[in-house]
Amino acid sequence: MKEEKEVSRACSLKQSVNRAAYFDGLKVGIPIALGYFVVSFALGMQAKASGLTAFQGGLASFTCSASAGEYAGFKAIAENATYLTIVLASLVANARYFLMGCALCQKMSPSLPFRSRAFVALYLTDELFGMAIMRPGVFNPRFAYGIITITVPFWTIGTSLGVVAGNIMPEQWVSALSVALFGMFLAVIVPPGRKNKIVGGLVLVSFLFSYLASKAPFLSEWAEGSRIVLLTVVLASVAAILFPVKEDEERDETENTSVTEEEP
Amino acid sequence: MTHNVYVYIFLMWFSTYLLRAIPLTLFRKPLRNRFLRSFLYYTPYVTLAVMTFPAIVNATQTPTSGALALVLGVIAAWFGWNLFQVAATCCAVVFLSELWLL
């Protein structure tokens with residue numbers, strides 16, 4: 001009897017943790033969804049230029065969920081590229097997701113079932129990755145489900161609307177909303193950069209090199225997605241060689257931040 | 001030769017999904033290698049920083065409003081404002097500054 005009670009208490013505790021994680025995901029997903037809506041709207045305009053219908057644009061967004069990758073794909077479609085070309089374009093523009101997958105799976109419990117992993121992989125976007133990797137403790141798939149629930153519809157519908165409604169939204173609104181995503185990124189990278197000098201320095205160096213790469217004669221002609229891959233591999237490698245992370249350092253960080261779990 | 005749009009979309013999805021699913025489903029053991037652990041620890045900071053700048057300056061109607069959003073966004077995040085507050089700050093900065101600048 002007593003045991004049963006304890007088991008059911010443990011179960012309900014686990015349930016409430018999961019529910020909290022899901023709602024956390026929804027909350028975090030609001031600014032992401034807002035940013036997605038704007039970006040996908042612009043993406044829809046490119047889809048239209050490539051000859052896609054609103055349904056096809058929405059379908060591409062619903063399945064791929066990748067801004068730079070879809071953009072590269074739509075460009076290739078516009079050029080009537082071969083099937084091989086579109087595969088290569090997608091692989092290059094999305095290569096960073098491979099790195100992100102490697103980083104995120106380190107946070108997953110080894111017992112996390114295959115189906116959860118396969119499902120999260122469908123929607124492993126830059127934003128989902130950023131939020132999930134910075135969330136203290138072991139990766140909770142419910143948190144990701146929360147983000148996916150609110151963001152994917154906006155991403156999909158935004159693309160379709162972009163195909164249909166091209167230039168209806170006032171320019172000032174587009175302009176203001178387009179920085180929502182970047183604001184979110186800043187909220188993710190700045191606080192750890194303030195706490196850890198090496199991370200802070202690395203963020204500044206990344207800003208600098210990203211700017212230089214966008215101006216450099218040869219690199220600036222690359223697609224943005226490829227530049228991100230190159231800079232990430234080079235800069236994170238250099239940082240890893242110069243400032244290898246001690247294991248207790250990583251643990252420290254998760255412990256410190258887990259105190260502020262209910263933030264934001 | 002004309003290509004089928006649905007085949008295009010399927011191939012886009014398939015290549016994107018492979019990149020995401022292979023590490024998440026196959027690499028299940030924790031990494032021991034110190035270099036790789038450090039590399040993966042630094043990866044998100046570099047990626048997000050590289051994606052933010054200079055893109056934020058080019059996203060807005062005038063570079064000045066984007067730069068203002070960057071500076072005030074960094075300040076807001078520095079003082080511990082949460083995700084939604086920082087994002088909203090950046091949007092408001094762009095909207096208001098463009099009322100003046102344009």
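**Entry 1: helix α4 of chain B**

I began with the buried residues of α4(B), which pack against α10 of chain A together with α3 (55–59) and α5 of chain B. The model is a predicted one, and I read every entry below with that in mind. I listed the buried positions of α4(B) as Ser65(B), Gly66(B), Leu68(B), Ala69(B), Leu70(B), Gly73(B), Val74(B), Ala76(B) and Ala77(B). The helix covers residues 63–78 of chain B, 16 residues in number. I checked its span from first C-alpha to last: α4(B) reaches 22 Å, close to the 22 Å expected at 1.5 Å a residue. After α4(B) comes Gly80(B), for which I noted a positive phi, near 80°.

**Entry 2: a cis bond in chain B**

I looked at the loop between α2 (34–52) and α3 of chain B, where Pro54(B) lies. The peptide bond from Phe53(B) to Pro54(B) is cis, and I recorded its omega as near 5°.

**Entry 3: the interface of chains A and B**

I then turned to the contact between the two chains, in which 84 residues of chain A touch 66 residues of chain B. Which helix of chain A gives the largest share of its side? I found that α10 of chain A (residues 180–195) supplies that share, with twelve residues. I sorted the chain A side by class and obtained 57 nonpolar, 19 polar and eight charged residues.

**Entry 4: α10(A) against α5(B)**

I took the packing of α10(A) on helix α5 of chain B (residues 83–101) next; the angle is about 135° and the axes are 7 Å apart. An angle over 145 degrees would count as roughly antiparallel; I therefore entered α10(A) and α5(B) as oblique to each other. The crossing of α10(A) with α5(B) is right-handed. From α10(A) I noted Ala180(A), Phe182(A), Gly183(A), Met184(A), Leu186(A) and Ala187(A). They meet Leu83(B), Val86(B), Ala87(B), Thr89(B), Cys90(B) and Cys91(B) of α5(B). By class, I have ten nonpolar and two polar residues in this contact, with no charged residue.

**Entry 5: chain A as a whole**

I counted 13 helices and zero strands in chain A. Of its 264 residues, 47% are buried. Among the contacts of chain A with a separation of 6 or more, I found that 81% join residues 24 or more positions apart.

**Entry 6: α2(A) against α8(A)**

I examined a helix pair inside chain A, α2 (residues 54–64) and α8 (residues 141–165), which pack at about 155° with axes 8 Å apart. I therefore recorded α2(A) and α8(A) as roughly antiparallel to each other. Their crossing is right-handed. On α2(A), the contact is made by Ala54(A), Gly57(A), Gly58(A), Ser61(A) and Phe62(A). On α8(A), I noted residues including Val152(A), Trp155(A), Ile157(A) and Val163(A). The contact of α2(A) with α8(A) has seven nonpolar, six polar and no charged residues.

**Entry 7: positive phi in chain A**

I looked up two residues other than glycine with positive phi. Ser65(A), in the loop between α2 and α3 (67–78) of chain A, has a phi near 45°. Is Ser65(A) buried or exposed? I counted Ser65(A) as buried because it has 26 C-beta neighbours inside 10 Å. Asn80(A), in the loop between α3 and α4 (83–93) of chain A, has a phi near 55°. I entered Asn80(A) as partly exposed, because 13 C-beta neighbours lie inside 10 Å.

Key: Residues are numbered from 1 along each chain as its sequence is written. Chains are lettered from A and ligands numbered from 1 in the order in which they are written. This is a predicted model: local features need pLDDT of at least 70, side-chain atom pairs count only at pLDDT 80 or more; totals for chains, interfaces and linings use all residues. Two residues are in contact if their C-beta atoms, placed from the backbone, lie within 7 Å. Helices (H or I, at least four residues) and strands (E, at least two) are DSSP runs, numbered from the N terminus. Ala, Val, Leu, Ile, Met, Phe, Trp, Tyr, Cys and Pro count as nonpolar, Asp, Glu, Lys and Arg as charged, and the others, Gly among them, as polar. Axes are lines fitted to C-alpha atoms, for helices over the stretch in contact, and angles run from 0 to 180 degrees between N-to-C directions. Angles under 35 degrees count as roughly parallel, over 145 as roughly antiparallel, 65 to 115 as roughly perpendicular and the rest as oblique. A crossing is left-handed if the near helix is turned anticlockwise from the far one by less than a right angle, and right-handed if clockwise. A residue is buried if 20 or more other C-beta atoms lie within 10 Å of its own, exposed if 12 or fewer, and partly exposed in between; C-beta atoms are placed from the backbone. The expected span of a helix is 1.5 Å times one less than its number of residues.
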